Structures are given as C-alpha cells and as structure tokens.
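Hi everyone, thanks for making room for me today. I'd like to walk you through one model, so please have a look at the screen with me.

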Amino acid sequence: MSRSGQRVVIVAGWLVAAILAVLVGVVGIGLAGLTGRETDTVSEADVERALPRVSAAATPSAEPAAEPSVTRSAVVTKQSFRTSGGTVVADCDGILSMSPAQGFGVHETQRTEGEFRSARDGQVRVKVQLTCTNGVPSVNERGDG
C-alpha cells in the first residue's frame, strides 16, 4: 500500500472512531434519562393546582416572633489580629486559630500564647500573647531573632 493510501486509511479510522464515540455518548445519555425532557414543562393547570397549596403554607402568622434578648455577658467578641508572623484569631477565652504568613509556620499554640517561626531556618520567632480587657481581646507581638 502506498504512503498516501495509508494516510487515507488512518484518517478514515479516526473519523469512524470519533463518530462512534459521539453516538455512544448520545445513546448513553438518552438511556440514563439525563435529558429530563419528560419533566421540564409544567402545564398551566398544574401551576393553578399547586399555587393554593404553596400560598396557604407560606402565609405568615399575625404575631411576630419574640426578639431574643442578649445580655452583655453572652456577647463573645472574636477578633482577627495580623502579626508579622501570621494571623491570630482569638476571643477572651483563648486563641482560636493561628494561620502563618508566607515563610512562617506555627510552632506552638496554647490558650493565651503562641509562636510563629520562620520556615526556612526557624531562627526568626514571632511570639504572641493574648490579653483581654473589658471583654475585648488583644494580641501583643514580640519578635525574637
């Protein structure tokens, strides 16, 4: 077989394979019922029948719900603090999370203290300490190295 004859056979083979792949996909989707054509349309009569049920169920009561009362002691103040070693999220109960900045890692986390260290050599340290005044948390940063 000549070289040009081989190319024609190869191209024809690829075309047949592509057509078969598309046909198998279309038949598979049709058999699986993924087109959903049977349930896409809703008649006007179906809408009329469904509306009274929805509007009756969605009618609000005449009495508004009571507002929950919040006391000063129940308010939890959670705040995020950016430091040179990363971000600290804390409330007056303690440090909730520490997320290191690029080039740092979290070395340790305790309830009121934490430490970021440089990821490269661990020599640069950023220590944080949580304090709380009148229910408002704050973080003090101290760098070593």
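How much space lies in the largest pocket? About 170 Å³. Before I say what surrounds that space, please keep in mind that this is a predicted model.

How do we look for a pocket at all? Rolling a probe the size of a water molecule over the atoms shows where empty space is left.

Now, who lines this one? On the list are Glu108, Glu113, Gly114, Glu115, Lys127, Val128, Gln129, Asn140 and Arg142. Sorted by class, that lining holds five charged residues, three polar ones and one nonpolar one. You can also ask which strands contribute: strand 5 (113–118), strand 6 and strand 7 (136–144) each give at least two residues to the lining.

Let's step back to the whole chain. There are two helices and seven strands, and along the sequence they come in the order α-α-β-β-β-β-β-β-β. The protein chain has 145 residues, and 15% of them are buried. As for contacts between residues at least 6 apart in sequence, 22% of them join residues at least 24 apart.

Next, please find strand 2, residues 86–91, and strand 3, residues 94–100. Do they pair in the parallel or the antiparallel sense? Antiparallel, over six bridges. One spot to look at is Val88, which stands opposite Met98 in strand 3. The connection from strand 2 to strand 3 is a hairpin, made through two residues.

That brings us to my last stop, the cysteines. How many disulfides does a search of the whole structure find? It finds one. The partners are Cys92 and Cys132, with 1.6 Å from S to S in this model. The link between Cys92 and Cys132 is right-handed, with 60 degrees about the S-S bond. And what does the pair tie together? Cys92 is in the loop between strand 2 and strand 3, while Cys132 is in strand 6 (residues 125–133), so the disulfide connects parts that are 40 residues apart in sequence.

Are these two cysteines buried or exposed? The cut-offs help here: buried means under 20% relative accessible area, and exposed means over 50%. Cys92 has 30% relative accessibility, so it counts as partly exposed. Cys132 has a relative accessible area of 36%, so it is partly exposed as well.

That's my tour, and I'm happy to go back to any part of it with you.

Note on methods
Residues are numbered from 1 along each chain as its sequence is written. This is a predicted model: local features need pLDDT of at least 70, side-chain atom pairs count only at pLDDT 80 or more; totals for chains, interfaces and linings use all residues. Side-chain values use heavy atoms; hydrogens and water are left out. Two strands pair if DSSP finds at least two bridges between them. Helices (H or I, at least four residues) and strands (E, at least two) are DSSP runs, numbered from the N terminus. A disulfide is a pair of cysteine sulfur atoms within 2.5 Å. Buried means under 20% relative accessible area, exposed over 50%, partly exposed in between (1.4 Å probe, protein chains only). On a 1 Å grid over the protein atoms alone, a cavity is a set of points where a 1.4 Å probe fits but cannot get out, and a pocket is an open set with protein on both sides within 12 Å along at least five of seven lines; lining residues have an atom within 4 Å of a point. Grid points are joined across faces, edges and corners, and a volume is the space filled by probe spheres set on the points. Ala, Val, Leu, Ile, Met, Phe, Trp, Tyr, Cys and Pro count as nonpolar, Asp, Glu, Lys and Arg as charged, and the others, Gly among them, as polar. Contact means heavy atoms within 4.5 Å.
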